[in-house]
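Please look over the sequence and the structure below, and then work through the exercises with a pencil in hand.

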Amino acid sequence: MTEVGQPLNLPGLAGTGEGKPVEVPGAPLAVQSVTEPCALETDRPQWLLILEGELIIDLPHGDFRILRVGDALRLGAGIPVRLQPLDPVVLVRSTIP
């Protein structure tokens with residue numbers, strides 16, 4: 001028989017981190033609530049997925065991306081980015097091995 005876990009409210013879990021990433025139990029993921037502009041460290045490649053809100057990701061050389069609910073973006077290692085929420089944002093971060 002396959003083991004089935006309990007539901008996990010990711011936006012609720014993100015809210016417990018006070019703006020810092022919160023590890024998702026049993027998964028190589030973290031969730032984060034972003035309500036103010038902040039820098040994002042990308043020492044390893046990672047995926048970002050927007051669960052709530054709308055976010056501008058400022059990239060080097062004046063480039064940027066706008067992400068909305070359901071959008072995902074892959075960031076390479078060592079890319080300095082700044083997160084600018086247009087609305088309160090909940091995002092999922094997944095580090096790529």
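Three exercises with worked solutions follow.

The model is predicted, so local features need pLDDT of at least 70 and side-chain atom pairs count only at pLDDT 80 or more, while totals for chains, interfaces and linings use all residues. Residues are numbered from 1 along each chain as its sequence is written, and side-chain values use heavy atoms, with hydrogens and water left out.

**Exercise 1.** Describe the fold of the chain and its compactness.

Begin with the elements, which are DSSP runs (helices: H or I, at least four residues; strands: E, at least two) numbered from the N terminus. The chain has one helix and nine strands, and along the sequence they follow the pattern α-β-β-β-β-β-β-β-β-β. Next, the radius of gyration is 14 Å, close to the 13 Å of the globule rule for 97 residues, so the chain is as compact as a globular protein of that length; the radius is taken over C-alpha atoms, and the rule is 2.2 Å times the number of residues to the power 0.38.

**Exercise 2.** Find which residue pairs with glutamate 54 in a salt bridge (a side-chain nitrogen of Lys or Arg within 4 Å of a carboxyl oxygen of Asp or Glu).

The partner is arginine 68, with the closest N and O atoms 3.0 Å apart. Glutamate 54 lies in strand S5 (residues 54-58) and arginine 68 in strand S6 (residues 64-68), so the pair ties together parts 14 residues apart in sequence.

**Exercise 3.** Find the salt-bridge partner of arginine 65.

Arginine 65 pairs with aspartate 63, the closest N and O atoms being 2.9 Å apart.
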